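This report is meant for a reader who is meeting the structure for the first time. It takes up a few residues and strands in turn, and the sequence and structure are shown here.

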Amino acid sequence: MGERVEEWQGEEWAVRPVTGSASTKPYRCPGCDQQIRPATPHLVIWPVEPLVGDGLDARRHWHTACWKARHRRPR
């Protein structure tokens, strides 16, 4: 599955799956504030229309389940 665009909080977000074999560093998921361990499949999310620059600073690594549950998060 490749990169796709999804809506959240009135904005469009680019969503790119990361395979476990491509995940070599730990990240902090903004959805649950828990660590995404290396070798864990997850998603990289960033705004399609970044506020400034190219949006690379806005990229965040999310657990797949946390991103799917994003609509339950408070604004």
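## Loops, strands and a core

Asp33 is placed in the loop that runs between β3 (27–28) and β4 (35–36). The model is a predicted one, and in it Asp33 counts as exposed, with a relative accessibility of 51%. Although Asp33 and Trp62 are 29 residues apart along the chain, their C-alpha atoms are separated by 9.4 Å.

Trp62 also belongs to the largest nonpolar core, which has ten residues, namely Trp8, Trp13, Val15, Cys29, Ile36, Leu43, Ile45, Trp62, Cys66 and Trp67. Two or more residues of this core are given by each of the elements β2 (11–18), β5 (42–47) and α1 (64–68). Among the core residues, Leu43 is in contact with Val15, Trp62 and Trp67, and its contacts beyond four places in sequence also include Arg4, Arg16, Pro17, Arg60, His61 and Thr64.

The strands can be followed through their pairings. β1 and β2 pair in the antiparallel sense over five bridges, and here Trp8 has Glu11 of β2 as its bridge partner. β2 and β5 likewise pair in the antiparallel sense, over six bridges, while Arg16 stands opposite Val44 in β5.

The hairpin of β1 and β2 has two residues between the strands, and in this hairpin Gln9 takes a positive phi near 55°. Gln9 is a residue other than glycine with a positive phi, and a positive phi is also found at Ala39, which is not a glycine either. The table sets out these two residues with their loops and accessibilities.

| Residue | Phi | Loop | Relative accessible area |
|---|---|---|---|
| Gln9 | near 55° | between β1 and β2 | 26%, partly exposed |
| Ala39 | about 70° | between β4 and β5 | 52%, exposed |

Glu6, found in strand β1 (residues 4–8), invites a closer look. Is Glu6 buried or exposed? Glu6 counts as buried because its relative accessible area is 19%, and buried means under 20%. The side chain of Glu6 makes a polar contact of 2.6 Å with the side chain of Arg4, and a further polar contact, of 3.0 Å, joins the side chains of Glu6 and Arg70. When residues up to four places away in sequence are not counted, Glu6 touches Glu11, Glu12, Trp13, Val15, Trp67 and Arg70; of these residues, Trp13, Val15 and Trp67 are also listed in the largest nonpolar core.

The cysteines remain to be considered. How many disulfides does a search of the whole structure find? The search finds zero disulfides. A disulfide is a covalent bond between the sulfur atoms of two cysteines. For Cys29, the closest cysteine sulfur is that of Cys66, at 3.8 Å, which is too far for a bond, because a disulfide needs the sulfur atoms to be within 2.5 Å. The sulfur of Cys32 likewise has the sulfur of Cys66 as its closest cysteine sulfur, at 3.8 Å, and that too is too far for a bond. As for their surroundings, Cys29 counts as buried, at 0% relative accessibility, whereas Cys32 counts as partly exposed, at 29%. Both Cys29 and Cys66 appear among the residues of the largest nonpolar core.

How values were computed:
Residues are numbered from 1 along each chain as its sequence is written. This is a predicted model: local features need pLDDT of at least 70, side-chain atom pairs count only at pLDDT 80 or more; totals for chains, interfaces and linings use all residues. Side-chain values use heavy atoms; hydrogens and water are left out. Helices (H or I, at least four residues) and strands (E, at least two) are DSSP runs, numbered from the N terminus. Buried means under 20% relative accessible area, exposed over 50%, partly exposed in between (1.4 Å probe, protein chains only). A polar contact is a pair of N or O atoms within 3.5 Å; within protein, one must be able to donate a hydrogen and the other to accept it, and residues adjacent in sequence count only if both atoms are side-chain atoms. Contact means heavy atoms within 4.5 Å. A nonpolar core is a set of buried Ala, Val, Leu, Ile, Met, Phe, Trp, Tyr and Cys residues joined through side-chain atoms within 4.5 Å. Two strands pair if DSSP finds at least two bridges between them.
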